[in-house]
Amino acid sequence: MTGADVAPGTEPADPRSPAEVRRPVDPPTPTGPPAATDARTDAEARLHAVAAAFADVPGVVLPAVGRRHFGTATLRVHGRIAAFTPGEHLVVKLPRDRVAALVASGDGLPFPDDRPPMREWVSIASDDADVWHRAVADALAFVGRNGDGPAPVGAGPTRTSRLGESNPRPSHYE
């Protein structure tokens, strides 16, 4: 049967099975990566710049040379994470009372935001490099004095537990 033999108003059935009939694929959009990725890249670059000021501190491993964690570069001291950028904000480890004060004042956000927050981790709300520098310095001092090895310059005394015992690796969820 040819096209000329088809009755007007009717079309021949498609010889392919429904599984073989494919919809056309839309071409990729030229907009590039989502904005969150751009913000994350900016935040990671900002962490690299801020962390460079701490390159001479004993035990500090800069994000550019250290291993990645949470899918992003991390700033470590004595092998322990002190700061990282899992999104558009800097996340730092600080004493739980300082974390609570930052969250209460609005200068910090609970981390993570999709499940119960960790008490010694806070997301810094500001994008200001000076704010990040102070937060990173405080995080390095806090993590450095709780880890193995010497504390960073100006770190102060080692934390102790409620019983007066040394507590070098406190739980995040106490």
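Aromatic pairs come to 2 in this predicted model, counting rings of Phe, Tyr and Trp (its six-membered ring) whose centres lie within 6.5 Å, with planes under 30 degrees apart called stacked, over 60 edge-to-face and the rest tilted. Phe84 and Phe111 sit with their ring centres 5.6 Å apart and their planes at 80°, so this pair is edge-to-face. It ties together distant parts of the chain, with Phe84 in strand β4 and Phe111 in the loop between β6 (108-110) and β7, 27 residues apart. Strands here are DSSP runs of E, at least two residues long, numbered from the N terminus. Phe84 and Phe111 are both buried, meaning under 20% relative accessible area (exposed is over 50%, partly exposed in between; 1.4 Å probe, protein chains only).

Phe84 also pairs edge-to-face with Trp121, at 5.5 Å centre to centre and 65° between the planes. Again distant parts of the chain are linked, since Phe84 belongs to strand β4 and Trp121 to strand β7, 37 residues apart. Phe84 counts as buried because its relative accessibility is 1%; Trp121 gets the label at 7%. Put together, the ring pairs join Phe84, Phe111 and Trp121 into a cluster.

As for the strands around these rings, β4 (residues 80-84) and β5 pair in the antiparallel sense over 2 bridges, where pairing takes at least two DSSP bridges between two strands. The two strands make a hairpin, with 5 residues between β4 and β5. Ala83 has Val92 as its bridge partner in β5. On its other pairing, β5 runs antiparallel to β7 (residues 121-124), and 4 bridges join them. Here Trp121, a member of the ring cluster, turns up again as the bridge partner of Lys93. Within β5 (residues 90-93), Leu90 and Val92 point one way while Val91 and Lys93 point the other, and all are buried.

Away from that cluster, Arg46 lies over the face of Trp132, 4.7 Å from the ring centre. The rule for a charge over a ring asks for NZ of Lys or CZ of Arg within 6 Å of the ring centre and within 35 degrees of the ring normal.

A few bookkeeping notes: residues are numbered from 1 along each chain as its sequence is written, and side-chain values use heavy atoms, with hydrogens and water left out. Local features need pLDDT of at least 70 and side-chain atom pairs count only at pLDDT 80 or more, whereas totals for chains, interfaces and linings use all residues.
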